[in-house]
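Open the structure in your viewer and keep the sequence panel visible. The tour goes from the whole chain to the ligand, then to a single residue.

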Amino acid sequence: MLYLIIMQELGDLETVVERLRRVQAEVAERARAAGRDPAGVTLVAVSKGQPVSAIEAAWKAGQRVFGESYVQEAKEKQEALAERGVREVEWHFVGPIQRNKTRAIAERFDWVHSLDRVVVAKRLSEQRPEERGKLRIFVEVNTSGEQSKRGVHPEEVLGFVREIAELPRLEVVGLMTIPEEGPEEVVRARFRLLAELRAWTVQAGFGLWGLSMGMSGDWHWAVAEGATHVRIGTAIFGERPRQRTRE
Ligand SMILES: *Cc1c(COP(=O)(O)O)cnc(C)c1O
């Protein structure tokens, strides 16, 4: 029985590595097809809800950039991975940010994709340890206009960037969005809007270069529309086995 469980787990991990390789190759291919340098698109492997063994397998296959959404879950996994000798991981925080979790995010992550409140930005800057580089920030934008969605409103993006650009321990690198599910032309229009908003901030003198857009279901379109970071979970790791962690 135990033997079967172990074989099952090994089989799953092999699949993770195969899927990872395929996604890496497809992202590069899509970038080239869009006339872009594949090196300009970073694959963030979103491992929320996935076991440490799956992250370790992806790491052993060369993946170094991982995304997590829940602070407590991330902390436990980071510690377990360190014990297994998994090092030099670039951690991206992609989940909702609660005020009382900012210190752990500032200490444990290298990038944040989901910033949409000035108070949170201030806390992250204050709490970012001196010995670590600046915390890199994507500002999350609500491009679909849905009430339920997080994110800064498109008209407010420039003002928001202006306010947080002064914070000493943050480096605002770009914009992020999660469009609603929908047909290609709708989703691509959201991605295009994000790219336009970034161009607007550049004109205003902010050196934003990043576009974090595209998940398992829509990253092909995002790469064609200029994504610099695609955040892919399910297409690499399969369905998330664990329940969403509550914090
Ligand atoms: C979970 C998550 C992803 C990955 O989603 P998949 O559909 O599994 O690829 C990407 N971005 C954010 C913000 C997420 O929360």
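Colour the protein chain by secondary structure: nine helices and eight strands appear. Helices (H or I, at least four residues) and strands (E, at least two) are DSSP runs, numbered from the N terminus. The radius of gyration of the chain is 18 Å, close to the 18 Å that the globule rule gives for 247 residues, so the chain is as compact as a globular protein of that length. This radius is taken over C-alpha atoms, and the globule rule is 2.2 Å times the number of residues to the power 0.38.

A word on the model: it is predicted, local features need pLDDT of at least 70, side-chain atom pairs count only at pLDDT 80 or more, and totals for chains, interfaces and linings use all residues. Residues are numbered from 1 along each chain as its sequence is written, and side-chain values use heavy atoms, with hydrogens and water left out.

Show only the C-alpha atoms next. They fill a box of roughly 60 × 40 × 35 Å, taken along the principal axes. Of the 247 residues, 51% count as buried, meaning under 20% relative accessible area (1.4 Å probe, protein chains only). Turn on the surface: the chain exposes about 12,300 Å², and carbon and sulfur atoms supply 48% of this area. Accessible areas come from the Shrake-Rupley method with a 1.4 Å probe; for residues, only the protein chains shown count as cover.

Now select the ligand and the 13 residues around it. A residue belongs here if one of its heavy atoms lies within 4 Å of the ligand. Which residues come nearest? They are Lys48, Ser216, Gly233, Thr234 and Arg240.

Display the side chains of three of these and look at the polar contacts (pairs of N or O atoms within 3.5 Å; within protein, one must be able to donate a hydrogen and the other to accept it, and residues adjacent in sequence count only if both atoms are side-chain atoms).

- Lys48: a polar side-chain atom lies 2.7 Å from a ligand oxygen.
- Ser216: a side-chain N or O atom is 2.5 Å from a ligand oxygen.
- Thr234: a polar side-chain atom lies 2.4 Å from a ligand oxygen.

The protein covers 89% of the 390 Å² of accessible area that the ligand has on its own.

Last, select Gln63, in the loop between helix H2 (52–60) and strand S2 (65–68). Is Gln63 buried or exposed? Gln63 is buried, with a relative accessible area of 5%. Its side chain reaches the backbone oxygen of Val65 at 2.8 Å.

Terms used: Buried means under 20% relative accessible area, exposed over 50%, partly exposed in between (1.4 Å probe, protein chains only).
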